[in-house]
Amino acid sequence: MMGPPNPGETREKKPSFRGRLRASRLALWWKSLLHDYAEACREVAQGIRQRPLKAGLYLSLLAGAVSCSLRNPSEASFDSSLLEASGTLLLLSPWTRSSSSEKHTQRLMVLRNRGQLRVQNLAFFSLLYEAPYDAGADLYQAHCKYLKPRWTDFPSLVLDVGFWGRWWVLHSRMQNSDINNEEFQYLPGHLKTISFNDLHSETNEKLFDEKYKAVILTEEQIQEADGENQGQLHS
């Protein structure tokens, strides 16, 4: 049989003085923190009401910075853009392929295969630059701090700038990649440049439409053609 319960065990265990002091301090800290945040939000709302244009400018800058950060291109996106550019040039004939586009793309492909391309993410934009050695190279020149490139040489090593989801130098070099300017270097000066009117003139459009019209001959043209045919038969 079980004996009567111990009176000491039935009593609830009261928290100690140290525990109550710690709980009160924690509650006071949270209360002060919420009060500070409420005051800060109240001041921000008051500042927006007093200066709406300035607040709108700050919000626009903040939204633009967040958008640039979210659309900042990565190293994987550069590899994809470079492979796409290389595939586009391979589909073109060597006679119509732009030499500047081909040289720039081939240089990037060589550096990529050597492991000398680095991408530095700067939150709002990215920089692609050329490194002297591969990241896994175990050479003395690669580890010696006195032989590494200086910061003053960094601008000359930058190859591309990534911003708003695009690598702009590669994009500009691929513009008109299907036009070989060397093919027209022996033409006269007035034939090397083509204006907008030369490609979109009303005369060219009218001539293009008239070639599909039916040929209508007048009676004089028919009689003249018959006379010529009879003369050829008698001769």
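These legends walk through several close-up views of a predicted model.

**View 1. The whole protein chain, as a starting point.**
Before zooming in, here is the chain in outline. Its 235 residues include a buried share of 16%. The secondary structure of the protein chain consists of 12 helices and four strands. The chain has an accessible surface of about 20,000 Å², and carbon and sulfur atoms account for 58% of that surface. Taking contacts between residues at least 6 apart in sequence, 65% of them link residues at least 24 apart.

**View 2. Helix α4 packs against helix α5.**
Two helices share this view: α4, covering residues 75-90, and α5, covering residues 99-114. Their axes lie 10 Å apart and meet at an angle of about 135 degrees. The pair is therefore classed as oblique. As for handedness, α4 and α5 make a left-handed crossing. On the α4 side, the contact is formed by Phe78, Asp79, Leu82, Leu83, Ser86 and Leu89. Facing them from α5 are Ser101, Glu102, Thr105, Leu108, Met109 and Arg112. Sorted by class, the α4 and α5 contact holds six nonpolar residues, three polar ones and three charged ones.

**View 3. Thr105, a buried residue of helix α5.**
Now let us look at one of the α5 residues from the previous view. Thr105 sits in helix α5 and is one of the residues that make the contact with α4. Its relative accessibility is 2%, so Thr105 counts as buried, since the buried class covers values under 20%. Setting aside neighbours within four places in sequence, Thr105 contacts Leu82, Ser86, Leu89 and Met174. Of these partners, Leu82, Ser86 and Leu89 also appear among the α4 residues of the helix contact.

**View 4. Arg112, a partly exposed residue of helix α5.**
Arg112 is another member of helix α5, and it too takes part in the contact with α4. With a relative accessible area of 30%, Arg112 is partly exposed. Not counting residues up to four places away in sequence, Arg112 touches Asp79, Leu82, Leu83 and Leu117. Follow the chain onward to Glu130, which is 18 residues from Arg112 in sequence. In space, the C-alpha atoms of Arg112 and Glu130 are 9.4 Å apart.

**View 5. Arg114, an exposed residue of helix α5.**
Staying with the same helix, this view turns to Arg114, which lies in α5. Arg114 has a relative accessible area of 52% and is therefore exposed, because that class takes in values over 50%. A second residue to find here is Ala135, 21 residues from Arg114 along the chain. The C-alpha atoms of Arg114 and Ala135 are separated by 9.7 Å.

**View 6. Ala123, a loop residue with a positive phi.**
Ala123 is not a glycine, yet its phi is positive, at about 70 degrees. You will find Ala123 in the loop that joins β1 (117-121) to β2 (126-130). Its relative accessibility is 40%, so Ala123 counts as partly exposed.

**View 7. Asn176, a second residue with a positive phi.**
Asn176 is likewise not a glycine, and its positive phi is about 55 degrees. Asn176 belongs to the loop between α8 (168-173) and α9 (189-192). With a relative accessible area of 54%, Asn176 is exposed.

Notes:
Residues are numbered from 1 along each chain as its sequence is written. This is a predicted model: local features need pLDDT of at least 70, side-chain atom pairs count only at pLDDT 80 or more; totals for chains, interfaces and linings use all residues. Side-chain values use heavy atoms; hydrogens and water are left out. Axes are lines fitted to C-alpha atoms, for helices over the stretch in contact, and angles run from 0 to 180 degrees between N-to-C directions. Angles under 35 degrees count as roughly parallel, over 145 as roughly antiparallel, 65 to 115 as roughly perpendicular and the rest as oblique. A crossing is left-handed if the near helix is turned anticlockwise from the far one by less than a right angle, and right-handed if clockwise. Contact means heavy atoms within 4.5 Å. Ala, Val, Leu, Ile, Met, Phe, Trp, Tyr, Cys and Pro count as nonpolar, Asp, Glu, Lys and Arg as charged, and the others, Gly among them, as polar. Buried means under 20% relative accessible area, exposed over 50%, partly exposed in between (1.4 Å probe, protein chains only). Accessible areas come from the Shrake-Rupley method with a 1.4 Å probe; for residues, only the protein chains shown count as cover.
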